[in-house]
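Thanks for coming. I will talk through one structure today, part by part, and then put the parts together.

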Number of protein chains: 2
Amino acid sequence: MKNMEFNFDTPKDQLLEIIEEKHSQLEGILQECQFTTWLVFLRETAANPDPVQNLVIGGDVVWESAFIFHIDNKKFHKIAIIGDFDAEAERNKALWTEVIPYTEGISSILSETLNRFNPSQIAINYSDDDVVADGLSHGLFRKLSRYLPKMQERFVSAAPIIQRLRARKTKTEIDLVRAACELTEEINNEISEQLQPEMNEVEIQQLFHQRMNEHGVLEAWERDACPAVDAGPDKEMGHVGPTTKFQIQSGHTLHNDFGVKLKGYCSDIQRMWFFGSREEIPEELDYAFETVHGAITRAAEFIKPGVKGMEVDQIARDYVIKRGFEEYKHALGHQVGMKAHDGGVILGPLWERYGDTPKGIVEEGNIFTLELYVKTDNYGMVSLEEDIVITNNGCEFLIPRQEDWICIET
Amino acid sequence: MKNMEFNFDTPKDQLLEIIEEKHSQLEGILQECQFTTWLVFLRETAANPDPVQNLVIGGDVVWESAFIFHIDNKKFHKIAIIGDFDAEAERNKALWTEVIPYTEGISSILSETLNRFNPSQIAINYSDDDVVADGLSHGLFRKLSRYLPKMQERFVSAAPIIQRLRARKTKTEIDLVRAACELTEEINNEISEQLQPEMNEVEIQQLFHQRMNEHGVLEAWERDACPAVDAGPDKEMGHVGPTTKFQIQSGHTLHNDFGVKLKGYCSDIQRMWFFGSREEIPEELDYAFETVHGAITRAAEFIKPGVKGMEVDQIARDYVIKRGFEEYKHALGHQVGMKAHDGGVILGPLWERYGDTPKGIVEEGNIFTLELYVKTDNYGMVSLEEDIVITNNGCEFLIPRQEDWICIET
């Protein structure tokens with residue numbers, strides 16, 4: 001049998017490199033947030049992971065484990081308190097100023113260690129609105145409150161730390177997301193050559209899954225819906241799997257929403273095909289494409305460090321409405337990184353389900369999607385999605401964007 | 001390039017079958033626990049999953065989603081309240097008595113739906129001691145408390161439900177864990193033929209990873225330590241990766257701790273090799289092997305539905321001490337299923353880090369590991385691990401256990 005490589009995890013050396021980059025961002029971020037102390041409290045992460053693990057620790061822990069980042073008279077302490085079976089692995093990473101192993105229980109050593117610093121606030125991993133800053137389970141929160149009865153009043157959300165740390169992609173991270181985008185486009189191009197009339201959505205998705213297997217990469221979100229495949233005018237796009245009911249037909253569109261996980265980082269891209277020659281595209285479809293494309297252009301021209309997420313969404317939303325379409329029922333963009341939905345600031349409207357995330361500020365090094373759809377009367381939905389990185393004064397598309405329909409002559 | 005199959009996820013049809021089996025267990029379990037209402041509250045599960053997802057829902061959700069199981073005048077309600085983009089996928093599963101989509105926010109419809117039933121208690125997914133019953137993040141808990149201000153006093157831990165549901169493996173699940181064990185043993189046997197003096201631990205682990213890739217399966221826990229590979233007398237076993245420092249040598253042992261994830265279910269098995277003929281094995285090693293083997297035998301003969309986890313651990317622990325060894329610094333056994341550490345009852349001592357889990361009762365259909373080590377003075381550690389399923393009056397080993405050293409003539 002052929003020796004296949006799995007390429008979906010960050011290689012160990014590269015992960016450690018990213019974690020070192022993140023640790024070096026962290027001291028400044030703590031000061032900026034006016035926190036002295038961040039406590040990452042984990043257990044059995046293979047069964048119940050915390051999204052920050054691969055940002056600041058790398059790998060799993062088995063027993064209850066505490067990772068303390070603390071600034072004290074300008075000294076930066078980084079302490080790992082872990083089960084003795086995990087201790088050697090942690091020491092080998094050479095990330096920590098102290099590694100403290102325990103055997104029977106963590107409570108006393110955790111309490112003693114924090115008492116050394118006696119911090120006025122302790123940031124822990126919960127967040128009402130940001131899923132990737134919300135890694136502490138409620139049961140672990142209760143435990144922590146019992147272990148540190150005198151300190152539980154000092155617990156505050158670590159979301160400001162985690163959001164900055166996660167959102168300010170390092171050069172290594174940006175290169176990894178770009179590589180995932182490039183592979184996504186490569187697979188899209190390969191599949192373009194195989195598309196034929198009467199193929200149904202399920203068959204098309206299978207072609208994608210086959211290519212992903214060959215490249216040893218995973219889906220960036222649930223496999224049933226990655227890629228989402230939507231053929232023809234009657235398919236409601238969204239997070240729903242492909243069906244055998246809808247097929248490729250001459251004069252119809254095909255849409256996908258596709259991302260891969262390559263070396264631990266994700267892409268998230270939507271593309272649209274038309275079956276027929278460029279000249280056969282109905283004016284209604286062209287107008288819709290120009291609207292979606294134009295809304296992305298306007299948002300990309302507007303976005304830069306310092307603007308609010310909601311302001312970027314509004315630019316695109318206003319444009320769609322001005323062009324006579326119903327507004328899209330989702331946010332214009334989310335961050336992309338280790339996860340396809342990487343948390344933090346959202347480019348979205350102030351709807352309940354987005355909480356305060358659209359009020360957040362866009363920063364250099366952030367990677368966002370720009371995505372939206374419009375509905376035509378006769379030809380179904382038109383939807384595109386691009387991935388951008390924020391530069392010091394604007395943004396760049398990570399890979400060339402879709403400028404026109406991909407026409408497949410039938 | 002060869003078309004590789006990824007075999008680590010449960011095939012969609014089989015997952016739906018398991019979820020249907022679990023749904024049919026659930027009505028009885030709710031009654032047994034004297035709960036009327038279980039609320040599973042999720043969001044963005046691709047970034048922050050809840051371990052119960054694949055037991056009762058199957059697949060991911062994007063927006064905040066509530067799955068309500070409620071018994072009312074003997075009617076069993078199963079209600080999914082989900083973002084409208086997820087609604088069709090949920091309807092297609094045909095699992096729910098009602099699917100209620102929303103667009104802007106879940107709070108009012110969630111509150112109205114629960115008010116229809118006005119339950120005196122609402123079980124939600126937190127647990128101090130059981131990681132797989134602790135899927136609700138603290139941030140989501142806070143949100144839920146705000147959404148349901150009049151009901152938050154009624155929140156109780158769903159751990160009794162989740163533990164039963166997860167631990168009572170259905171026939172489909174037992175077959176899947178057995179298949180993972182069989183593949184683990186198959187790979188062990190294949191590697192046995194390739195082992196040669198002077199191979200170091202890292203090289204040996206690479207052989208395993210290559211075979212896992214060929215079979216399209218994933219590691220059952222962190223890849224760096226799966227399999228754990230321990231060569232010779234000076235290696236401290238534990239959750240630590242292999243090193244280039246320790247190599248296979250004539251007259252020495254080799255140990256691994258290995259599990260695969262095949263079709264969504266895990267194995268967790270330890271094996272030991274000796275390099276030399278059967279006759280060359282030092283008496284000290286043989287005595288240690290007999291002790292570990294004998295402790296497993298005694299635990300397996302004792303275990304049956306109705307005993308407490310801690311009682312089973314005590315049998316093995318006493319035997320090890322009686323034979324003159326220091327007691328092992330971990331629990332004798334944990335459950336295995338979708339996760340290598342599948343939560344619930346632990347066969348362990350009453351140490352702080354195991355909380356109340358060793359007090360739990362063993363039930364028919366549970367799958368446990370039986371694992372322990374002893375330390376010899378001159379030849380390093382001897383450690384074995386078997387996977388068993390609890391029957392109506394005892395237990396069965398899922399695959400034939402290791403009865404003697406695997407001797408590799410050098």
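In chain B, B:Leu370 has B:Glu386 of strand 14 as its bridge partner. This is a predicted model, and that holds for everything I say about it. The pair belongs to a longer arrangement: strand 13 and strand 14 of chain B run antiparallel to one another and are joined over 9 bridges. Strand 13 of chain B covers residues 367-375, and 8 of its 9 residues are buried, so call it mostly covered. Strand 14 of chain B covers residues 381-390. Between the two strands of this hairpin there are 5 residues, and B:Gly380 adopts a positive phi near 80 degrees there.

B:Glu386 brings me to another residue. Which residue is 13 residues from B:Glu386 in sequence and 8.3 Å from it in space? That is B:Ile399, with the distance taken from C-alpha to C-alpha. B:Ile399 sits in the loop that links strand 15 (395-397) and strand 16 (406-408) of chain B. Is B:Ile399 buried or partly exposed? There are 19 other C-beta atoms within 10 Å of B:Ile399, and a residue needs 20 or more to be buried, so B:Ile399 is partly exposed. If we set aside neighbours within four places in sequence, the contacts of B:Ile399 are B:Arg178, B:Cys181, B:Glu182 and B:Glu185.

Next, helix 7 of chain B, residues 171-192. This helix lies across strand 10 and strand 11 of chain B, and its direction is at about 130 degrees to strand 10. Those strands are part of an open sheet of 3 strands in chain B, in the order 7-10-11, with antiparallel pairing. At the edges are strand 7 (218-219) and strand 11 (265-266) of chain B, each pairing on one side only. As general background, strands of a sheet pair through backbone hydrogen bonds, in parallel or antiparallel fashion. Strand 10 of chain B, residues 260-262, is joined to strand 11 of chain B by 2 bridges. Across that pairing, B:Leu262 is opposite B:Tyr265 of strand 11.

Now over to chain A, starting with a single residue. A:Phe325 is in the loop between helix 10 (309-322) and strand 13 (367-375) of chain A. Buried or exposed? A:Phe325 has 20 C-beta neighbours inside 10 Å, so this residue counts as buried. Beyond residues up to four places away in sequence, A:Phe325 touches A:Thr291, A:Val320, A:Val374 and A:Lys375. A:Ala288 is 37 residues from A:Phe325 along the chain, and their C-alpha atoms are separated by 8.7 Å.

Stepping back to the whole of chain A, there are 10 helices and 16 strands. The radius of gyration is 23 Å, close to the 22 Å from the globule rule for 410 residues, so chain A is as compact as a globular protein of that length. The C-alpha trace of chain A spans about 75 × 55 × 35 Å along its principal axes. Of the 410 residues in chain A, 51% are buried. Among contacts in chain A with a separation of 6 or more, 68% are between residues 24 or more positions apart.

How do the two chains meet? On chain A, 62 residues are in contact with 62 residues of chain B. Helix 3 (84-92), helix 5 (138-147) and helix 8 (201-215) of chain A each give two or more residues to that side. Which of these helices gives the largest share? Helix 5 of chain A does, with 6 residues. By type, the side of chain A that touches chain B has 20 nonpolar, 18 polar and 24 charged residues.

Helix 5 of chain A is itself mostly covered, with 7 of its 10 residues buried. Among the buried ones are A:His138, A:Phe141, A:Lys143 and A:Tyr147. The buried residues of this helix pack against strand 1 (37-42), helix 4 (107-117) and strand 5 (122-124) of chain A, and also against helix 5 (138-147) of chain B.

Last, the symmetry. A turn of 180 degrees with a shift of 0.0 Å along the axis lays chain A on chain B with an RMSD of 0.0 Å. The two copies are therefore related as by a two-fold rotation axis. Of the interface residues of chain A, 100% are also interface residues in chain B, so the copies meet through the same surface.

Conventions: Residues are numbered from 1 along each chain as its sequence is written. Chains are lettered from A and ligands numbered from 1 in the order in which they are written. This is a predicted model: local features need pLDDT of at least 70, side-chain atom pairs count only at pLDDT 80 or more; totals for chains, interfaces and linings use all residues. Helices (H or I, at least four residues) and strands (E, at least two) are DSSP runs, numbered from the N terminus. The radius of gyration is taken over C-alpha atoms; the globule rule is 2.2 Å times the number of residues to the power 0.38. A residue is buried if 20 or more other C-beta atoms lie within 10 Å of its own, exposed if 12 or fewer, and partly exposed in between; C-beta atoms are placed from the backbone. Two residues are in contact if their C-beta atoms, placed from the backbone, lie within 7 Å. Ala, Val, Leu, Ile, Met, Phe, Trp, Tyr, Cys and Pro count as nonpolar, Asp, Glu, Lys and Arg as charged, and the others, Gly among them, as polar. Copies are superposed by least squares on the C-alpha atoms of residues with pLDDT of at least 70 in both. Two strands pair if DSSP finds at least two bridges between them. Axes are lines fitted to C-alpha atoms, for helices over the stretch in contact, and angles run from 0 to 180 degrees between N-to-C directions.
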